[in-house]
Amino acid sequence: VQSTHPSPDPAAGAAVKAADRAHVFHSWSAQGLIDPLAIAGADGSYFWDYDGNRYLDFSCQLVNTNIGHQHPKVVAAIQEQAAKMCTIAPGFAVDARSEAARLVAERTPGDLDKIFFTNGGAEAVENAVRMARLHTGRSKVLSAYRSYHGATAAAINLTGDPRRWPSDTASAGVVHFWAPFLYRSPFHAENEAQECERALRHLEDTIAYEGPAGIAAIILETIPGTAGIMVPPPGYLAGVREICDRYGIVFILDEVMAGFGRTGHWFAADHFGVTPDLLTFAKGVNSGYVPLGGVAISAEIAATFDQRPYPGGLTYSGHPLACASAVATINAMAEEGIVENAAAIGENVIGPALKEIAERHPSVGEVRGLGVFWALDLVKNKETREPLVPYNASGAANQPMADFAAACKRGGLWPFVNMNRTHVVPPCTVTESEAKEGLAILDEALGAADAHTV
Ligand code: PMP
């Protein structure tokens, strides 16, 4: 992996940084308070800066590069497509788009056989919601607290984390409810069966009081990702499916983060045997080498738009470079057993190691996940389960998490950190020795979190 590691060039890095600071306006940031690291290159499970520091990527660039950085088959497919035809409007049938749709449809559960392509996850959510509203003729959409669905108009309103708050003035038609999460149970449940039963009853009550005849859709992340990798208890998603069927509500599963191998199956829904009416995807579909997302659509909803136009579209829908990279990614994942690797590494290496780490560190309250999709819930105190930092903490209040993240980076590990959690989300291609290398760095860095426990 170090073969393409260039010799350090701090001057080049400084120039990149200076132009960035002068002209790039960054996501989710106070522009004057950030200090972005200049990155020189990436390969496999690693990326590196201009100063000669290499990082093992346990963040996967926002849980995206499931196939790792610079997979040669995907890079070659993009180059070949670029040489052949870079772009064509969505109204034409072209080989890369047809084949990408076929490969995705072949893997999505049940009869989700029609694919509407977007440029990313938020647009997928926007279009899924629009399809559900037009299909049902209803307007309300129910989504969970502790969720993330994207940063565009409908998607940010559906999101259940504080990034939604500034947009709440435009949230007409959106209703939030509590999904199950036993470790911090909204229902004060004592076991998974109780949590599941109470969560389903709470959802039914919410529907009854909102008026079932006005509810178009329920959207859930199959396994909520950004909000903490909370694997739902057995029976919950099947229960939601049954409730949706009973009230004629469209069931949308958001697999933007959990899809395409992340959980050790092609889709997280495969773990639960549940088929939604609409499934949103992005990220892992082509590991983000070119922006791509989409909605997989059931036969029934697709039929709604068979003789009547679907009122939605994007200039870059099914972009040839994005679709060619999706074809190469999905084929490489199948040929190289990459989904199976994610499952095996999760079950045999990461899961057991994290559980052992949790026993030794006072700051690790709970470990949860599967495949290469794990979260450590960090706490001030294991008995009280008080989060290591308060909800939505910033600045000095967030110092314990900042100290932990800095310790990871000093050790050569790039972590994913959100609120009081760190997520262990390496590529699905991660090897056993890379996983062990990262876990050892994480283990040591947790000392910085332990120092803030009481
Ligand atoms: N849904 C989920 C579950 C996500 O995790 C994300 C991105 N983290 C999105 C939607 C939005 O995707 P994008 O950033 O590509 O718009």
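Biologist: Let's start with Ala144: which residue is its bridge partner in E6?

Modeller: Bear in mind that this is a predicted model. E5 and E6 run parallel and are joined by 4 bridges. In that pairing, Ala144 has as its partner in E6 the residue Phe177.

Biologist: And through which helix does the chain cross from E5 to E6?

Modeller: Ala144 of one strand and Phe177 of E6 are bridge partners. The chain gets from E5 to E6 by a β-α-β crossover, and that crossover is right-handed. The helix on the way, residues 153–158, is H6.

Biologist: E5 must have another neighbour. Which residue in E7 is the bridge partner of Leu142?

Modeller: E5 also pairs with E7, in the parallel sense and over 4 bridges. Within E7, the partner of Leu142 is Ile218.

Biologist: How many residues of E5 are buried?

Modeller: Side chains in a regular strand alternate between the two faces of a sheet. In E5, Lys140, Leu142 and Ala144 point one way while Val141 and Ser143 point the other way, and all are buried. E5 is mostly covered, with a buried count of 5 of its 5 residues.

Biologist: Which helix lies across E5, E6 and E7?

Modeller: Look for a helix spanning residues 192–210. Its direction is at about 150° to E6, and its name is H7.

Biologist: Let's step back to the whole sheet. Which strands stand at its edges?

Modeller: The sheet is open, has 7 strands with mixed pairing, and follows the order E4-E10-E9-E8-E7-E5-E6. The two edge strands each have a single partner strand, so one side of each is left without a neighbour in the sheet. They are E4 (114–118) and E6 (174–177).

Biologist: By what angle are neighbouring strands of this sheet turned against each other on average?

Modeller: Read along the order E4-E10-E9-E8-E7-E5-E6. Ignoring direction, neighbouring strands are turned against each other by an average of 20°.

Biologist: Which residue in E8 stands opposite Leu220?

Modeller: E7 (residues 215–221) and E8 (residues 250–254) run parallel and are joined by 5 bridges. Opposite Leu220, in E8, stands Leu253.

Biologist: Moving on to E9, which residue in E10 stands opposite Thr280?

Modeller: E9 runs parallel to E8, with 3 bridges between them, and there Thr280 is the bridge partner of Asp254. Leu278 and Thr280 point one way from E9, Leu279 and Phe281 the other way, and all are buried. With E10 (residues 293–297), E9 runs antiparallel over 4 bridges. Standing opposite Thr280 in E10 is Val295.

Biologist: What about the ligand? Which helix gives the largest share of the shell around it?

Modeller: There are 16 residues around the ligand, and Gly120, Gly121, Ala122, Gly150 and Val256 come nearest. By class, the shell has 7 nonpolar, 7 polar and 2 charged residues. The largest share, 3 residues, comes from the helix of residues 121–136, namely H5.

Biologist: Last one, on Ala344 in helix H11: is it buried, partly exposed or exposed?

Modeller: Ala344 sits in H11, which covers residues 338–360, and its C-alpha atom is separated by 44 Å from that of Tyr209. Being buried takes 20 or more other C-beta atoms within 10 Å, and being exposed takes 12 or fewer. Ala344 has 14 of them within 10 Å, so it counts as partly exposed.

Technical notes:
Residues are numbered from 1 along each chain as its sequence is written. This is a predicted model: local features need pLDDT of at least 70, side-chain atom pairs count only at pLDDT 80 or more; totals for chains, interfaces and linings use all residues. A residue is near a molecule or strand if its C-beta atom, placed from the backbone, lies within 6 Å of it. Ala, Val, Leu, Ile, Met, Phe, Trp, Tyr, Cys and Pro count as nonpolar, Asp, Glu, Lys and Arg as charged, and the others, Gly among them, as polar. Two strands pair if DSSP finds at least two bridges between them. Axes are lines fitted to C-alpha atoms, for helices over the stretch in contact, and angles run from 0 to 180 degrees between N-to-C directions. Two residues are in contact if their C-beta atoms, placed from the backbone, lie within 7 Å. A crossover is right-handed if, with the strands pointing away from the viewer, the path from the first strand over the helix to the second runs clockwise.
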